[in-house]
Amino acid sequence: MKRMSSLAVCLVLVSGCHTFMRVAPDYADLPVEDVKALAAEIEQAIHDKVRDPDIKNRGSLVVETDAIKQAIRTRAARAHLVEGFLATGHLMEANNGLVSIIRSSDYKKFGSSRDRDRNAQLVLGENADRWALYEGILNASNISPKSLPAIQRIFFDAHIALLPDGTKFEDENGKVAYKGGAPASTSN
């Protein structure tokens, strides 16, 4: 039974249903400035592909755990793959701090079915590590679970800050938008 529920969660993540159970961010009990600083530091290290960054606990936020370090390490190792997939226009940064494949007719024609399977595995791995990071910070820092959407939103903002212009992301209304505005020639 547990395997079936895990499979269902995986299918939801791969299918692009990233709006599942969306909750408004609650910043009330969160050390927002510390989370913003840590998110920027962590995402910059991942963007720079630094697998073992020297990121320290900040204030009441705990990030020096094995699970968080492993999530950062594996995200940094696959960063070039995620960035490459984002550059194709078939992947976007979702406003819940995860990445999501844009299921379109163009994507169905993009590569082989084996390529699309690899893309799905890439997204599953990336999102699993992002969850490990967000929940790891929440749990290790003894932050209320109601703050999880706020942590996700802060990390989303840190992701967007590092994206090149023209990269797709999900706006506040759940629509696909482009950092810096739409590229000159778009088909989506």
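**Exercise 1. Which helix does Arg-130 lie in? Work out its surroundings too.**

Solution. A quick reminder before we start: this is a predicted model.

Step 1: find the element. Arg-130 lies in helix 5.

Step 2: check the exposure. The cut-off for buried is under 20% relative accessible area. Arg-130 comes in at 2%, so it counts as buried.

Step 3: list the contacts. Skipping residues up to four places away in sequence, Arg-130 touches Arg-75, Glu-93, Gly-97, Leu-98, Val-99 and His-159.

Step 4: pick out the polar partner. The side chains of Arg-130 and Glu-93 make a polar contact at 2.8 Å.

**Exercise 2. Sketch the overall layout of the protein: how many helices and strands does it have?**

Solution. Step 1: count the elements. You should get 6 helices and 4 strands.

Step 2: put them in order. Along the sequence the pattern reads α-α-α-β-β-α-α-α-β-β.

Step 3: look at burial. The protein has 188 residues, and 41% of them count as buried.

Step 4: look at the surface. About 10,000 Å² is exposed, with carbon and sulfur atoms supplying 56% of it.

Step 5: ask how far along the chain the contacts reach. Take contacts between residues at least 6 apart in sequence: 60% of these join residues at least 24 apart.

**Exercise 3. Take apart the largest nonpolar core: which residues touch the most other members?**

Solution. Step 1: name the hubs. The core has 27 residues, and Leu-30, Leu-133, Ile-137, Ile-151 and Phe-155 touch the most other members.

Step 2: trace the core back to helices. Helix 2 (32-47), helix 3 (66-88), helix 5 (113-140) and helix 6 (148-162) each put in at least two residues. Helix 2 gives the largest share, 7 residues.

Step 3: zoom in on one hub. Apart from neighbours within four places in sequence, Phe-155 is in contact with Ala-39, Ile-42, Glu-43, Leu-133, Tyr-134 and Ile-137.

Step 4: don't stop at one core. There is a second, separate core of 14 residues, and among them are Val-82, Leu-86, Leu-163 and Phe-169.

**Exercise 4. Look at helix 6: how many of its residues are buried, and what covers them?**

Solution. Step 1: get the dimensions. Helix 6 has 15 residues and spans 22 Å from first C-alpha to last, close to the expected 21 Å.

Step 2: count the buried ones. It's 12 of the 15, so helix 6 is largely enclosed by the rest of the structure. Among them are Pro-149, Ile-151, Arg-153, Phe-155 and His-159.

Step 3: find the cover. It includes helix 2, helix 3, strand 1 (91-93), helix 5 and strand 3 (168-170).

**Exercise 5. Describe the ring pair Trp-131 and Tyr-134: what is the angle between the planes?**

Solution. Step 1: survey the rings. The whole structure holds 5 aromatic pairs.

Step 2: read the geometry. Trp-131 and Tyr-134 sit 6.5 Å apart, centre to centre, with 70 degrees between the planes, which is an edge-to-face pair.

Step 3: place the pair on the helix. Both belong to helix 5, and being 3 residues apart they are separated by about one helical turn. In general, an α-helix has 3.6 residues a turn, so residues three or four places apart point the same way.

Step 4: compare exposure. Trp-131 counts as partly exposed at 24% relative accessibility, whereas Tyr-134 counts as buried at 0%.

Step 5: spot the cluster. Ring pairs also link Phe-85, Tyr-107 and Phe-110.

**Exercise 6. Follow two acidic side chains, Asp-29 and Glu-170: is each one buried or partly exposed?**

Solution. Step 1: start with Asp-29. This residue is in the loop between helix 1 (2-14) and helix 2, and its relative accessible area of 49% makes it partly exposed.

Step 2: find the partners of Asp-29. Beyond neighbours within four places in sequence, Asp-29 is in contact with Lys-146 and Ser-147. The Lys-146 side chain makes a polar contact with the Asp-29 side chain at 3.2 Å.

Step 3: compare sequence with space. Asp-29 and Ser-144 are 115 residues apart in sequence, yet their C-alpha atoms are 7.4 Å apart.

Step 4: switch to Glu-170. Glu-170 is in strand 3 and counts as buried at 1% relative accessibility. Its side chain reaches the backbone nitrogen of Asn-95 at 2.9 Å.

Methods
Residues are numbered from 1 along each chain as its sequence is written. This is a predicted model: local features need pLDDT of at least 70, side-chain atom pairs count only at pLDDT 80 or more; totals for chains, interfaces and linings use all residues. Side-chain values use heavy atoms; hydrogens and water are left out. A nonpolar core is a set of buried Ala, Val, Leu, Ile, Met, Phe, Trp, Tyr and Cys residues joined through side-chain atoms within 4.5 Å. Buried means under 20% relative accessible area, exposed over 50%, partly exposed in between (1.4 Å probe, protein chains only). Contact means heavy atoms within 4.5 Å. The expected span of a helix is 1.5 Å times one less than its number of residues. Rings of Phe, Tyr and Trp (its six-membered ring) pair if their centres lie within 6.5 Å; planes under 30 degrees apart count as stacked, over 60 as edge-to-face and the rest as tilted. A polar contact is a pair of N or O atoms within 3.5 Å; within protein, one must be able to donate a hydrogen and the other to accept it, and residues adjacent in sequence count only if both atoms are side-chain atoms. Accessible areas come from the Shrake-Rupley method with a 1.4 Å probe; for residues, only the protein chains shown count as cover.
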